[in-house]
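This report describes the surroundings of a nucleic acid strand and the principal pockets of a protein. The sequence and structure come first, and the description follows.

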Amino acid sequence: MLFTGLEMIALVDCNNFYVSCERLFNPRLESLPVIVLSNNDSCVVSRSNEAKTLGIPMGAPFFSIEKIVRSAEVKFLSSNYALYADISSRVLSVLADFGFPLEQYSIDEAFMDVSACPRKNLQALSVDFLQRIRQWTGIPVSVGIAESKTLAKIAGSIAKKKNTIQTEVFEDPIVLDEILGRTPCSDLWGVGARFAKRLSAKGICTALELRDAAPSVLRSAIGVQAQRTAMELAGENCMAMEEIPPPRKSVCVSRSFSRPVSEMEEIAEALSSYSSGASAKLRKDGLLAAEISIFLLERRINGIAASRSLSYSLPEATNSAPLLISAAKNLLEKIFVPGISYVKAGVILLELSSAKNRQGTLFGDESLQKTEKVSCIIDSIREKYGKYSISYASEGFGKNWEMRRNFRSPSYTGDWNSLPVCR
DNA sequence: TCTGGGGTCCTAGGACCC
DNA sequence: TCTGGGGTCCTAGGACCC
């Protein structure tokens, strides 16, 4: 057997990604406290370092930090996902150029298998990643390199705290033990608040204690996930690189309303709009759905939000917008209760299969294929003339339930009309 | 008063079968 | 009235991620 040596995994993580994207096209935001808000301008989803220093927590509802925002003149923006997705793909293509097996993990993070790089060159490689991305895209990143994804995540978070070049390569086992000894379990990738609590009940508080705990105890007391994390901490890679993303199993489009909604007609408009959007995702990925599910979320009472949902198995798998819209509306009529205020609704498409090898039914419906074609034509009109150039009537016209995005920056790179202008 | 959106995986328990 | 053991599949809910 050929001995290939230990694997080495790099994590490249964009710093304060959404804020960094905004700063690319609005340099006046540089060195100011800046935050980006989630949909409906509700929660903080990205913070500049200056905003972090002010003590603005990740995920904080906007109203809870309004005082700080006002007194420190924090700049706030609605999220502009079209822009972030575009910048993300640029960062990814720079990384792909390096030629290592690459897995995009999220919009702002990627793993790379850098085992092929000689150990002594890893430090220089990590600096190359960082500098080339900065130079070619303008986005600041931090880089962590270690023997597993979980360790690379820790290395990345250490890199991020550095003032100079933000890279960290785990090489020396003694140093690593020391680092794991001061890393609380709750900081680990894959360990949330609940698991951390259960671990601490077993006397396991640090990453070092988790790594050295008995596997059988971990498995029975917490679960397979904890055991896997412990192995990863020991340098054993048990989370395979996924260069080709596995086929998705569901498609979901859901939104909170700008205000509580209690009229069925308005919810029907929203669900039509979400169904249309979800079906467009299917077509983009060449998929069909055989099941549709809708859900409605009621307003919170004493912190608890009741929800109702219903699903329906379609007679034939499809990505036809009109058909999915009418299915969603039928479901709505069955679960809608008058007199209740709803704050959010959503459509989930399930039982997905490839459109290429579709399974026809004995009495296949020709009109189904026709409406699928119409949907494709509408996609291309939207592609050419913009997202709002054409809609289904059932989506409504006023759309005054639609979420707030009052502070959104222009699309910049996604639309010819909003390209920045030089003067 | 006001708390995002889109995913995946794991587990326990119930239904069902022979 | 007495009522096994072992297996699969499905589903809902929980937990996690960014």
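## Contacts with DNA strand B

In this predicted model, a polar side-chain atom of Arg255 is placed 2.8 Å from a phosphate oxygen of DNA strand B, and a polar side-chain atom of Lys249 lies 2.6 Å from a phosphate oxygen of that strand. Cys252 contributes through its backbone, a polar atom of which is 2.5 Å from a phosphate oxygen of DNA strand B.

## The surface near the strand

DNA strand B is surrounded by 21 residues, the closest being Arg248, Lys249, Cys252, Ser254 and Ser256. Sugar or phosphate accounts for 79% of the strand's atoms within 4 Å of the protein, and bases account for the rest. Both α11 (224–233) and β9 (251–261) supply at least two residues of this surface, with β9 giving the largest share, 6 residues. By class, the surface comprises 7 nonpolar, 7 polar and 7 charged residues.

## The largest pocket

The largest pocket has a volume of about 2,200 Å³. Its lining numbers 43 residues, of which Ala82, Arg255, Lys387, Tyr388 and Arg405 are the closest to its centre. Two or more lining residues come from each of α4 (81–96), β9, α12 (264–284) and α14 (366–385), and α12 provides the largest share, 7 residues. The lining divides into 13 nonpolar, 12 polar and 18 charged residues.

## The second largest pocket

For the second largest pocket, the volume is about 870 Å³, and among its 30 lining residues Asp13, Lys52, Lys153, Ser157 and Lys160 lie nearest the centre. The elements β1 (9–14), α1 (17–25), β3 (44–47) and α6 (149–160) each give two or more residues to this lining, the largest share, 7 residues, coming from α6.

Technical notes: Residues numbered from 1 in each chain as written. Chains lettered and ligands numbered in written order. Predicted model: local features only at pLDDT ≥ 70, side-chain atom pairs only at ≥ 80, totals over all residues. Heavy atoms only, no water. Near = heavy atom within 4 Å. Polar contact = N/O pair within 3.5 Å; in protein donor to acceptor, adjacent residues only side chain to side chain. Helix = DSSP H or I, 4+ residues; strand = E, 2+ residues; numbered from the N terminus. Nonpolar A, V, L, I, M, F, W, Y, C, P; charged D, E, K, R; others polar. 1 Å grid on protein atoms, 1.4 Å probe; cavity = no way out; pocket = protein on both sides within 12 Å on 5 of 7 lines; lining within 4 Å. Points joined across faces, edges and corners; volume = space filled by probe spheres on them.
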